[in-house]
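User: I would like to learn how the descriptive words for a structure are earned. Can we take them one at a time?

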Amino acid sequence: MQPIIIANWKMSLRPAEARRLLLLMRTKLVKEKNVEIVICPSFTELTASAKIFKGTNIAWGSQDVFWEESGAYTGEISALSLKELGCEYVIIGHSERRRYLHESDEMVNKKTVAVISSGLTPIVCVGETLSERQEGQTEQIITRQIKGAFNNIDLESGEKVVVAYEPVWAIGTGKATSSADAEAVFSLIHDILLDLWSLTIIKNNVKFVYGGSVDSQTAKPFISGSLCNGFLVGGASLKPLEFAKISQLLNSK
Ligand code: PGA
C-alpha cells in the first residue's frame with residue numbers, strides 16, 4: 001500500500017503565514033509521487049488549500065468535523081460541506097481534542113460514521129497518556145478507543161480508514177516512542193480490527209500511521225516497520241524542508 005504522510009498544522013499559524021506555507025509545500029512536495037501527501041490546515045485555510053492544491057498530487061484535510069449533516073449547530077462544520085470544498089481527509093479524535101474539548105469515544109464514532117458516509121477518509125487518532133502507560137494500561141486504552149471509534153462501521157464498499165497511533169506523551173515533546181513499541185500497538189490494533197473486518201479489508205483499506213515528535217531523524221527507524229505505513233506530523237510539518245525529507249524517507253519504503 002502507498003505510504004501516507006499527514007501534516008497537522010493545529011492552530012499554529014495565522015492565515016497569511018499559512019497561505020505562504022501552503023504555496024511552499026506545493027513547491028517542495030509536488031515531486032513526491034510514491035507517497036500520499038495530506039496537509040491539514042485550520043478551517044480558515046481550507047478554501048485556499050482547495051485552490052492551491054487543485055490538480056496536484058497533494059490532498060488536503062480538515063482537523064475536525066461535526067457529525068450532523070446540517071442544522072442548528074452553531075460553530076460546527078459538516079462532512080458534506082468539507083466534501084463539497086474538495087476535502088479528502090478528516091482528523092478525528094486527536095488527543096488535544098479529547099483533552100481540551102472532552103471528545104469521547106462516542107463522539108469520535110459519530111464523526112467517523114459521518115466522515116465515511118460522506119465519502120471522506122477519517123484519520124482516527126488513538127493513544128495513551130504517560131500515566132496510563134506507567135500504570136500498564138496502554139492495551140486497555142487503545143482497545144477501548146479503537147472499539148469505540150469503529151463501532152458499527154463496516155468498510156464493505158471499499159471505504160478507506162487511517163488509524164494514527166499517537167502516544168500522548170510523545171506529542172510535541174521531542175521524544176518519539178520506539179518503532180518496536182509502535183509496531184506492537186499496530187499489531188494490537190490489527191487484531192482488534194480483525195473482530196470487525198476481514199483480513200482482506202484491513203490489508204487493502206486500512207493504513208496505520210505513527211505520530212508523536214516525528215522529524216527526519218526520529219522517522220528513520222519506523223520506515224522498516226512492517227505495519228507502519230506513514231506518519232502524522234505536527235511540529236515538523238510546519239517546516240517544508242523537514243516535511244519533504246520525511247516524505248522522501250517514506251518514498252523509499
Ligand atoms: P508532533 O505532533 O509531531 O508535534 O509531536 C503530532 C500530532 O499531534 O499529531
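Analyst: Start with a definition. Angles under 35 degrees count as roughly parallel, over 145 as roughly antiparallel, 65 to 115 as roughly perpendicular, and the rest as oblique. Keep in mind that this model is predicted.

User: Why are H5 and H7 called oblique to each other?

Analyst: Look at the angle. The axes of helix H5 (residues 105-117) and helix H7 (residues 138-149) cross at roughly 40°. That value falls in none of the named ranges, so the pair counts as oblique. The two axes come within 7 Å. The crossing is right-handed.

User: Which residues of H5 meet H7?

Analyst: Asp105, Val108, Asn109 and Thr112 in H5 do. Their counterparts in H7 are Arg144, Gln145, Gly148 and Ala149. By class, this contact has 2 nonpolar, 4 polar and 2 charged residues. Gly is counted among the polar ones.

User: What makes strand S8 largely enclosed by the rest of the structure?

Analyst: Buried means under 20% relative accessible area. In S8 (residues 228-233), 6 of the 6 residues are buried, so the strand is largely enclosed.

User: How do you know that S8 pairs with S1?

Analyst: Pairing needs at least two bridges. Strand S1 (residues 4-8) is joined to S8 by 4 bridges, and the two run parallel. One partnership is Ile5 with Phe231 in S8.

User: What makes S7 a partner of S8 too?

Analyst: Use that cut-off of at least two bridges again. Strand S7 (residues 206-211) has 3 bridges to S8, also running parallel. Here Phe208 stands opposite Cys228 in S8.

Conventions. Residues numbered from 1 in each chain as written. Predicted model: local features only at pLDDT ≥ 70, side-chain atom pairs only at ≥ 80, totals over all residues. Heavy atoms only, no water. Axes fitted to C-alpha atoms, helices over the stretch in contact; angles between N-to-C directions. Left-handed = near helix turned anticlockwise from the far one by under 90°. Contact = heavy atoms within 4.5 Å. Buried < 20%, exposed > 50% of the residue type's maximum accessible area, 1.4 Å probe, protein only.
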